[in-house]
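Here is a short briefing on one protein chain and its ligand. Please keep the sequence and the coordinates at hand while reading.

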Amino acid sequence: MTATEQRPVTALRGVGSALAERLRRLGVAQVQDLLFVLPRTYEDRTRTTPIGALLPGMRAVIEGEVQLTEVTFRRRRQLLSRLADGSGHVTLRFFHFSGKQQQGLVRGARLRCHGEVRRGPLGLEIVHPEYRHIGPDTEALEDTLTPIYPMTEGVTQGRLRALIAQALGELRSAGVREWLPTPILESLHLPPLGRALEYVHRPPRDARLEVLAAGRHPAQRRLAFEELLAHTLALRLVKRTVQSAPAAPLADADCLEARFVAALPFRLTGAQQRALTEIDSDLASTHPMVRLVQGDVGCGKTAVAAAAAARAVGSGMQAALMAPTELLAEQHWRSFEAWFRPLGLPVAHLSGSKAARARASARETIASGEVQLIVGTHALFQEGIEFARLALVIVDEQHRFGVQQRLALKEKGDRDGATPHQLIMTATPIPRTLAMTAYADLDVSVIDELPPGRTPVKTVALPEERRAEIVARIAAACREGRQVYWVCPLIEESDELRYQAAEETAAQLAEALPDVRLGLVHGRMPAAKKEQAMAAFKAGRIQLLVATTVIEVGVDVPNATLMVIENAERMGLAQLHQLRGRVGRGAQESSCVLLYRKPLSPIAAERLRAIRESNDGFAIAQRDLELRGPGELLGTRQTGLAQLRVADLSRDADLLPRVQQAVEVILREHPDIIAPLTARWIGDGERYGRVG
Ligand code: ADP
Ligand code: MG
């Protein structure tokens, strides 16, 4: 290690214990960590923009004269200051401000500020601009692009820039430790680490904003590669840790799995069979299975999971299935009941809505081992249920069950002597190279075939102006006894706006369709209310369900045959595909109407075409990746890779095969560099638990 790596930030000028604590929240403890606080984006502060030319969403430098400053109390105390330059005026809005600051913003004061322009109640405004007074000795404008760093409470951009400048000084004199083995570096054809860091923190004069803001510069790619490598390695270590524990091998002496499969009312598809074979071979092992089953909505993941559960039971052990919501848990419980009852096996249902007495007795039968199959929500399992002999945990829709939970299960296993096998099911298909990074802590099985006899959902795209026609179609569908989903626009700004938009749409539809029983679900409803509405829809009491994008992934309402998606042009392909999967679950032909607002951007048009032309989740995921949409598909939020600093799984997808190769080489030949690399990019491993 070089001296810089070991120097705590408090060694820097002006860093006391309070600031050090705030920096710690950015993952910064050592001076060198500052170099890895990477710009979120860049701004061009090399020239000013006339205030009259500002547009919402723009980041700009402006100069002007204060016309008026006042403190108001709209909801909360705030300082408003109006700045004008002859071409127009703009409001500066501060929620945190000092008396001194207020005094400085007197009428006539001249300021230079920068920040993001947005539309406010008084016209265009900038909230908390960075600003300084213009005086005789004001510096010239910046001569290079300005990096914008991620924010943390109490550390301003200016402060951070100054600290990073000091760290860069040390970088120049002491260098930075290059952990990557030379052959890997050479094959990358990307700049060395030190040069890359220098470039991203201090772009040279000829650096181009479009390139840097898009994250496409080789210096950024160099860092993205190392970051992806570090995360993948950390996940692989998690996998190794979990799989090093002892587990009960499930030999299924009773041949229950085979009997279960034979008794199913259908034959497993080839893809289901393949996934089950992979699962069986894992379950026979004395180490825990940690396997993800990926498959499109409706491909029949539940039956595969149930067959695995049958193997556990046939081995004298217990299997538990966890679902993210009560409604999904109940749906799974019904499937399990239908399949296992005839075999003489009871299935316990852990439900929050059951009376305390019934819950207590369910708990007892689980603790005594009398019941071997258990279905419930994640929440109920987290309440510390005692199992007699739990050998298999099945998790539906994995995104609420992360690396931490897997490690926790292992720890539980460590106490009991054996870790349960884990089977995770997800309906978010992602391309293979991506899965190998995002799910590097899991083995992956793919079910890429739908059961025979399904009628594909007919998808059409229509402009907003044809809304009236669609309303007529809804009326017709409801008259025929069918049900309909209406998905409201995707509004990023806030929960509040999303909710208003959904309410408004529901009100309009209610007026246009007075005979239709209409329900509404949105993200601001308490979970229990949401579930009630979903349950009412499932039971047919609601005919038209207006919803924000919160509708549950796995909910099965075979009678719903029409889905309308508003503002479809703003959604990612994978999300559209997921939503569409809620219809087409019955024997009736279903359709999906994508409503869009003109004009369509070329990318949006391409997306709508792709979704109309394909029903295959994997093909769509691949296309999404190529189109570099809003990155929704990757559902990076669902994986451990949520908080990448420079890398972007979608944008940097082409790096992934090389990351994979490097991971294998490092695991095999350079295990000693894993710890420092992961420490550099992930910190003390809090995110992935203590690994190694
Ligand atoms: P998902 O993979 O989306 O969870 P499900 O497990 O809910 O899909 O299965 C969807 C429907 O298909 C269920 O009604 C299930 O019983 C049925 N199913 C599963 N496998 C087959 C099969 N091989 N042949 C026919 N129907 C099947
Ligand atoms: Mg499912």
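The notes below go from domains to sheets, then to the ligand and two single residues.

This is a predicted model. The domain assignment divides the protein chain into domain 1 (3-37 + 149-207), domain 2 (47-141), domain 3 (244-447) and domain 4 (458-614). An open sheet of 7 strands and an open sheet of 6 strands are described here, both with parallel pairing.

**Domains**

- Domain 1 is assigned in two segments, 3-37 and 149-207.
- Domain 2 is assigned to 47-141.
- The centres of domain 1 and domain 4, taken over C-alpha atoms, are 47 Å apart.

**The sheet of 7 strands**

- The strand order is β11-β12-β10-β13-β14-β9-β15, and the sheet is open.
- β11 (347-350) and β15 (443-447) are the edge strands, each pairing on one side only.
- On average, neighbouring strands are turned by 20 degrees against each other, direction ignored.
- At one edge, β11 pairs with β12 (residues 373-377) in the parallel sense, over 4 bridges.
- Within that pair, Leu 350 has Gly 376 of β12 as its bridge partner.

**Strand β9**

- β9 is mostly covered, with 6 of its 6 residues buried.
- Side chains in a regular strand alternate between the two faces of the sheet.
- In β9, Val 290, Leu 292 and Gln 294 point one way. Arg 291, Val 293 and Gly 295 point the other way. The residues of both groups are buried.
- β9 runs parallel to β14, and 5 bridges join the two strands. Leu 292 has Ile 424 of β14 as its bridge partner.
- β9 also runs parallel to β15, again with 5 bridges. Arg 291 stands opposite Asp 443 in β15.

**Helices across the sheet of 7 strands**

- Helix α10 (residues 270-283) lies across β9 (290-295), β13 (390-396), β14 (421-426) and β15. Helix α10 runs at about 160 degrees to β15.
- Helix α11 (residues 301-314) lies across β9, β10 (318-323), β12, β13, β14 and β15. Its angle to β14 is about 170 degrees.

**The sheet of 6 strands**

- The strand order is β16-β21-β20-β17-β19-β18, and this sheet too is open.
- The edges are β16 (458-463) and β18 (518-521), each pairing on one side only.
- Neighbouring strands here are turned by 20 degrees against each other on average, direction ignored.
- Helix α20 (residues 573-580) packs on this sheet and touches β16, β17, β20 (560-565) and β21 (591-596). The direction of helix α20 makes about 150 degrees with that of β20.
- β17 (residues 483-487) and β19 (residues 544-547) run parallel, joined by 4 bridges. Val 487 stands opposite Ala 547 in β19.

**Ligand 1**

- Ligand 1 is surrounded by 16 residues. The closest are Arg 267, Gly 298, Lys 301, Thr 302 and Arg 454.
- A polar backbone atom of Arg 267 is 2.8 Å from a nitrogen atom of ligand 1.
- Gln 272 places a polar side-chain atom 2.8 Å from a nitrogen atom of ligand 1.
- Arg 454 has a polar side-chain atom 2.7 Å from an oxygen atom of ligand 1.

**Thr 365**

- Thr 365 sits in helix α13 (residues 356-368).
- The relative accessible area of Thr 365 is 18%, so this residue is buried. The cut-off for buried is under 20%.
- Leaving out residues up to four places away in sequence, Thr 365 touches Glu 370 and Val 371.

**Leu 600**

- Leu 600 is in the loop between β21 and α21 (602-613).
- Leu 600 counts as partly exposed because its relative accessible area is 29%. That class lies between the buried limit of under 20% and the exposed limit of over 50%.
- Leu 600 and Glu 569 are 31 residues apart along the chain, yet 7.2 Å separates their C-alpha atoms.
- Leu 600 touches Glu 569, Ala 605 and Leu 608, not counting residues up to four places away in sequence.

Key:
Residues are numbered from 1 along each chain as its sequence is written. Chains are lettered from A and ligands numbered from 1 in the order in which they are written. This is a predicted model: local features need pLDDT of at least 70, side-chain atom pairs count only at pLDDT 80 or more; totals for chains, interfaces and linings use all residues. Side-chain values use heavy atoms; hydrogens and water are left out. Two strands pair if DSSP finds at least two bridges between them. Axes are lines fitted to C-alpha atoms, for helices over the stretch in contact, and angles run from 0 to 180 degrees between N-to-C directions. Contact means heavy atoms within 4.5 Å. Domain bounds come from an automatic or database domain assignment. Buried means under 20% relative accessible area, exposed over 50%, partly exposed in between (1.4 Å probe, protein chains only). A residue is near a molecule or strand if one of its heavy atoms lies within 4 Å of it. A polar contact is a pair of N or O atoms within 3.5 Å; within protein, one must be able to donate a hydrogen and the other to accept it, and residues adjacent in sequence count only if both atoms are side-chain atoms.
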